[in-house]
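Work through the exercises below with the sequence and the coordinates open. Try each task before reading its solution.

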Amino acid sequence: LVIGVENMENFRRIREQRYLFPKNQPLLFISRYPQSTDLRQWLTRIPNTYLHYGDFDLAGLQIYEHEFYKHLGERASFFIPNDIEERISQGSAERYNDQYTRYKNYTPSDVRLLPLYELIHIHHRCYDQEGYIQTQK
């Protein structure tokens, strides 16, 4: 399983988020940055499945669909943690409002995103993936 991490802070601190992902499966974490088509081209040439780990906001959903789902189809999916509704309900209303104007006409084409998309709109909030970083003691 190839896991694409959208945010550099999350990528640098991936060990502190390992708890989120399958334990008994080989995982390869990759960074989306620097942005280029190289990553997408590589993913289209390998048979692996791709899991996108991005921000839980309208921009994050659109990035996933435009950069990955559009090219990989069902081999791509968006990581949605089990506790996402609780997290979104406590997330950023300010960022939701900032993104709403730009993405108000966006509707996901990957139907698997619809429950997350609806949660974002129900709560009028977004959640940063950095919130999943657990500090190690």
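**Exercise 1: Strand S1 and its neighbours**

Task: Which residues of strand S1 (residues 2-5) point one way, and which the other?

Solution.
- Step 1. Val2 and Gly4 point one way from S1, Ile3 and Val5 point the other way, and all are buried. Buried means under 20% relative accessible area, exposed over 50%, and partly exposed in between (1.4 Å probe, protein chains only). Strands (E, at least two residues) and helices (H or I, at least four) are DSSP runs, numbered from the N terminus.
- Step 2. In a regular strand, side chains alternate between the two faces of the sheet.
- Step 3. The model is predicted: local features need pLDDT of at least 70, side-chain atom pairs count only at pLDDT 80 or more, and totals for chains, interfaces and linings use all residues. Residues are numbered from 1 along each chain as its sequence is written, and side-chain values use heavy atoms, with hydrogens and water left out.

**Exercise 2: The sheet**

Task: What is the strand order of the open sheet?

Solution.
- Step 1. Start from S1. Four bridges join S1 to strand S2 (residues 28-31), and the two run parallel. Two strands pair if DSSP finds at least two bridges between them. Isoleucine 3 has phenylalanine 29 of S2 as its bridge partner.
- Step 2. Turn to strand S3 (residues 50-53). S1 and S3 are also parallel, joined by four bridges. Glycine 4 has histidine 52 of S3 as its bridge partner, and valine 5 stands opposite tyrosine 53.
- Step 3. Add S4. S3 and S4 pair in the parallel sense over three bridges. Tyrosine 50 stands opposite alanine 76, and histidine 52 opposite phenylalanine 78.
- Step 4. Assemble. The four strands have the order S2-S1-S3-S4, with parallel pairing. S2 and S4 (76-78) are the edge strands, each pairing on one side only. Neighbouring strands are turned by 25 degrees against each other on average, direction ignored.
- Step 5. Check the faces of S3. Tyr50 and His52 lie on one side, Leu51 and Tyr53 on the other, and all are buried.

**Exercise 3: Helix packing**

Task: How do H2 and H3 pack, and how do H3 and H5?

Solution.
- Step 1. Helix H2 (residues 38-45) packs on H3 at about 20 degrees, with the axes 10 Å apart. Axes are lines fitted to C-alpha atoms, for helices over the stretch in contact, and angles run from 0 to 180 degrees between N-to-C directions.
- Step 2. H2 and H3 are therefore roughly parallel to each other. Angles under 35 degrees count as roughly parallel, over 145 as roughly antiparallel, 65 to 115 as roughly perpendicular, and the rest as oblique.
- Step 3. Leu39, Arg40, Leu43 and Thr44 of H2 make the contact with Glu67, Phe68, His71 and Leu72 of H3. Contact means heavy atoms within 4.5 Å.
- Step 4. H3 and helix H5 (residues 93-103) pack at about 45 degrees, with axes 9 Å apart. H3 and H5 are therefore oblique to each other. Leu58, Ala59 and Gln62 in H3 meet Tyr96, Gln99 and Tyr103 in H5.
- Step 5. Relate H2 to the sheet. H2 lies across S1, S2 and S3, running at about 150 degrees to S2.

**Exercise 4: The core**

Task: Which residues touch the most other members of the largest nonpolar core?

Solution.
- Step 1. A nonpolar core is a set of buried Ala, Val, Leu, Ile, Met, Phe, Trp, Tyr and Cys residues joined through side-chain atoms within 4.5 Å.
- Step 2. The largest core has 38 residues, and Tyr53 and Phe56 touch the most other members. Helix H3 (residues 58-72) gives the most to this core, with seven residues.
- Step 3. Beyond four places in sequence, phenylalanine 56 touches residues including Phe78, Ile84, Leu116 and Tyr132.

**Exercise 5: Two single residues**

Task: Is glycine 54 buried or exposed? What is the phi of histidine 124?

Solution.
- Step 1. Glycine 54 sits in the loop between S3 and H3. Its relative accessibility is 0%, so glycine 54 counts as buried.
- Step 2. Glycine 54 touches Glu6, Phe78 and Gln129, leaving aside residues up to four places away in sequence.
- Step 3. Histidine 124 is in the segment after helix H6 (114-123). Histidine 124 has a positive phi of about 55 degrees, although it is not a glycine. Most residues other than glycine have a negative phi.
- Step 4. With a relative accessible area of 44%, histidine 124 is partly exposed.
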